[in-house]
Amino acid sequence: MAGAILFERTGGPEVLQWTEVSVGTPGPGQVRVRHEAVGLNFADTYFRTGLYPAPLPAGMGVEAAGVIEEVGPGVEGFAAGDRVTYTGSPLGAYSTARVMPADSLIHLPEPIPAETAAAMTMRGLTAAYLLRRIAPGLGAGDTVLLHAAAGGVGLIVCQWARLLGIRVIGVVSTEEKAETARRHGASETIVGIDDLVARVRTLTHGHGVPVVFDSVGAKTYAASLDCVARRGLLVCFGTASGPIPPIDAMQLAVKGSIFITRPALADYIADPQERAALAGELFEHVIAGDIAIEVNQRFPLPEAARAHTALESGRSIGSSVLTV
């Protein structure tokens, strides 16, 4: 038996319920994992509210780190006792143990604690594909605009961009978050979006930036579009404030032949070799101390409802985890 968070209907944090569940034995291609820490991501709230549909009742969460207890028939490359982390799995990571597909797993190097892995696997792989796949041409001397620069993904992007010599203009909601973003590598910070376009144009001598990374969505889309330089790229990789509006293709031409993409992490880690390559690069930076993963909020797993309330308040900084 194990403890797990389930929800039988969509709605607010109160729909999340702690209950006892049967774990069972892994079948073909599956493993049983004992969790040591569970990742807490804003995208989890999309399943809870129904923005991302899921058959009900359902588990919650797609990211965790722990130890394999048992492997099922046909599993290759993993064995009982292996330390692993994962993201993008079927729902059910908010649990003390679970049976899950082995093809979601990533080997976790010994120097990286499980809590660090749970806090960074989704965020770190997101930062990896943004900087190394979406815009691989970015390099020393380039400038990007990064929304939510003091968030979990934002702080990793700031540090990784600094390693690549990329100047980051970070957008945040408070002065405290601005200081945090600068400490992690943002060259300049902008608090709020009221005069965002004018500030960005001033900081770039009127040109705008070649790439905008926007995880906020509805509230920032219009301003983000106006911050992109001619023939630049707007990367809408999150919807914290709601989905972006329908795209008016003619406006892309009017604003300078702009490109827009709405990527999903799943499509950048679907191939096991690419997932391993991105994870390997991330792990190397973390082990070397070039990218620091700070867990700033911790919540006991049974208190997932309280964790979601805090997550949606917008007051959290950096990464959060659920402790097991």
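Q: Does A148, at 32% relative accessibility, count as buried or as partly exposed?
A: This is a predicted model, in which local features need pLDDT of at least 70, side-chain atom pairs count only at pLDDT 80 or more, and totals for chains, interfaces and linings use all residues. Residues are numbered from 1 along each chain as its sequence is written, and side-chain values use heavy atoms, with hydrogens and water left out. Buried means under 20% relative accessible area, exposed over 50% and partly exposed in between (1.4 Å probe, protein chains only). The relative accessibility of A148 is 32%, so this residue counts as partly exposed.

Q: What is the phi of A148, a residue that is not a glycine?
A: A148 is found in the loop between strand 9 (143-147) and helix 3 (152-164); helices (H or I, at least four residues) and strands (E, at least two) are DSSP runs numbered from the N terminus. Although A148 is not a glycine, its phi is positive, at about 50°.

Q: Which residue in the loop between helix 7 and strand 14 has its place stated, with a phi near 55°?
A: The loop in question lies between helix 7 (249-254) and strand 14 (259-261). The residue is other than glycine, yet its phi of near 55° is positive. At 43% relative accessibility, it counts as partly exposed. The residue is S257.

Q: Which residue does a cis peptide bond join to L56?
A: The partner lies in the loop between helix 1 and strand 4 (58-59). Omega of the bond is about -5°, and the residue joined to L56 is P57.

Q: At what angle do the axes of helix 1 and helix 10 cross?
A: Helix 1 spans residues 42-49 and helix 10 spans residues 304-313, and their axes come within 10 Å. Such axes are lines fitted to C-alpha atoms over the stretch in contact, with angles from 0 to 180 degrees between N-to-C directions. The two helices are therefore roughly perpendicular to each other (65 to 115 degrees, against under 35 for roughly parallel, over 145 for roughly antiparallel and oblique for the rest). The axes cross at roughly 115°.

Q: Which residues of helix 10 are met by F42, D44, T45 and R48?
A: F42, D44, T45 and R48 belong to helix 1. Across the contact (heavy atoms within 4.5 Å), their partners in helix 10 are H308, L311 and E312.

Q: How many residues apart in sequence are the parts that E69 and R32 tie together?
A: The side chains of E69 and R32 meet in a salt bridge (2.9 Å, N to O), that is, a side-chain nitrogen of Lys or Arg within 4 Å of a carboxyl oxygen of Asp or Glu. E69 lies in strand 5 (residues 64-71) and R32 in strand 3 (residues 30-40), so the separation of the parts tied together is 37 residues.

Q: Is R32, at 19% relative accessibility, buried or exposed?
A: E69, the salt-bridge partner of R32, counts as partly exposed at 35% relative accessibility. The value for R32 is 19%, so R32 counts as buried.

Q: Which residues are linked in a network of salt bridges?
A: The structure holds 12 salt bridges. One of them joins E36 and R34 (3.7 Å, N to O), and E69 forms another with R34, the closest N and O atoms being 3.7 Å apart. This second pair links distant parts of the chain, E69 in strand 5 and R34 in strand 3, 35 residues apart. The network consists of R32, R34, E36, E69 and E70.
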